[in-house]
Amino acid sequence: VGEAAGNFACDAVVRVPPTLDRPGWAQALRQWGDDTQPELWIPTRDDDVCALARLAADVRLPGQAVVGSPAVADLIRDKWLSYQFAIEHGLPAAPSATALDSALNLAELHGYPMIVKPRCGYGTRGTRLVFDAGQLTRVFATGDSWIAQPFLNPAPGWDADLPDPSLGMPLWYSYRDPGQYSVVSVIGPAGQVALIGSTLNTMVCGRPERSVRIADPLLDQVGRDYAQALADAGWRGSVNVQCRRLAGGRYAMFELAGRMAGGLGAREVLGM
């Protein structure tokens, strides 16, 4: 994207077709790789993770692509496949549903509000808080591919700053979430797992506004278990396990990411 604000910080910028144009994107990157001979290929968007995994599987790239198999890239990106992977491997995960009937059943069991988001979305784009069965039904009726999850263990007073719809909608508004836990690991080329560390993040507009280092063996173990299961399945590179803390101190994964996320710089500052 030529207008991207971060372009100025790069040593070089190359404009390529979008990842949706798979042949054009792949050809552009292959040509750039032949000319430049990079040592590492590092994806920084969720779309790049899947596209780069496919490219690295199809052709021999110069250097090392920081990704694993395309199949695992797809299950990391698709929140429903991530949930199924977790259940199959006995890993803790937020209960999830992709059909309206199942979502309504989850709501009966856990109560409202519910979190509803695109199965393959990122950066909280399209994510909604729904407060009753009518809203839940209307979201699923749009025909898009949704996944619903309970709003697990929200912070006390979480709804104090929600806008009052009787007064109209604010022109700009973002829910502030102080309860996102994140565990980051790296899986090396031979499948070895290295834990980077855990943070508690305050999320605003889908970005970590504040990160605090967390030393909790239970949380670290969740990250290690996910990374090991993904390594055994063929993943390489970054693993970001995003969790909610449950009553009693346990943790449940609600999303996975297979890339170096935006909080990487903060983690380095925190000594990880």
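**Group meeting talk: strands, salt bridges and a pocket**

Let's start with helix 8, which covers residues 264–269 and includes Leu264. One thing before I go on: this is a predicted model.

Is Leu264 buried, partly exposed or exposed? Its relative accessibility is 39%, so Leu264 counts as partly exposed. Leu264 also has company. Together with Leu40, Ile42 and Met260, Leu264 forms a nonpolar patch on the surface. The accessible area of these four residues together is about 330 Å².

Now the strands. Please find strand 6, residues 176–187, and strand 7, residues 193–204. They run antiparallel, and ten bridges join them. The two form a hairpin, with five residues between them. Look at Gly191 in that turn: its phi is positive, about 95 degrees.

Move on to strand 8, residues 207–214. Strand 8 pairs with strand 7, again in the antiparallel sense, over seven bridges. This hairpin has two residues between the strands. Here Cys205 takes a positive phi, near 55 degrees.

You can trace a path across these strands. Begin at Gln180, whose bridge partner in strand 7 is Asn201. Then carry on from Asn201, whose partner in strand 8 is Ser211. Another pair to look for is Met203, which stands opposite Pro208 in strand 8.

Next, charges. How many salt bridges does the structure hold? The count is nine. I'll take three pairs, then a network.

Pair one is Asp46 with Arg259. Their closest N and O atoms are 2.6 Å apart. Asp46 sits in helix 2, while Arg259 sits in the loop between strand 10 (251–257) and helix 8. That pair links distant parts of the chain, 213 residues apart. Both residues are buried.

Pair two is Arg119 with Asp78, at 2.7 Å from N to O. Where are they? Arg119 is in the loop between strand 3 (114–118) and strand 4 (128–130), and Asp78 is in the loop between helix 3 and helix 4 (79–88), so this salt bridge ties together parts 41 residues apart in sequence. Arg119 has 19% relative accessibility and counts as buried, because the cut-off for buried is under 20%. Asp78, at 8%, counts as buried too.

Pair three is Arg244 with Asp177, also a salt bridge, 2.7 Å from N to O. Arg244 belongs to strand 9 (residues 237–245) and Asp177 to strand 6, so the pair ties together parts 67 residues apart in sequence. That brings us back to the strand we met in the first hairpin. Arg244 is buried, with a relative accessible area of 8%. Asp177 is buried as well, with 13%.

Now the network. Four residues are linked by salt bridges here: Arg45, Asp47, Asp48 and Arg77.

Keep Asp47 and Arg77 in mind. Both appear in the lining of the second largest pocket. That pocket has a volume of about 200 Å³. Which elements give two or more residues to its lining? They are helix 2 (46–58) and helix 3 (70–77). Helix 2 makes the largest share, with three residues. Asp78, from our second pair, lines this pocket too. Other lining residues include Thr19, Leu20, Arg22, Cys50, Arg54, Asp74 and Cys120.

To recap, follow strand 7 first: it pairs with strand 6 over ten bridges and with strand 8 over seven. Then turn to the pocket, and look for Asp47, Arg77 and Asp78 in its lining. Thanks, everyone.

Key. Residues numbered from 1 in each chain as written. Predicted model: local features only at pLDDT ≥ 70, side-chain atom pairs only at ≥ 80, totals over all residues. Heavy atoms only, no water. Patch = residues over 30% accessible without salt bridge, like charges linked within 9 Å, V, L, I, M, F, W, Y side chains within 5 Å. Areas by Shrake-Rupley, 256 points an atom, 1.4 Å probe, with all protein chains shown as cover. Salt bridge = Lys/Arg side-chain N within 4 Å of Asp/Glu carboxyl O. Helix = DSSP H or I, 4+ residues; strand = E, 2+ residues; numbered from the N terminus. Buried < 20%, exposed > 50% of the residue type's maximum accessible area, 1.4 Å probe, protein only. Pairing = 2+ DSSP bridges. 1 Å grid on protein atoms, 1.4 Å probe; cavity = no way out; pocket = protein on both sides within 12 Å on 5 of 7 lines; lining within 4 Å. Points joined across faces, edges and corners; volume = space filled by probe spheres on them.
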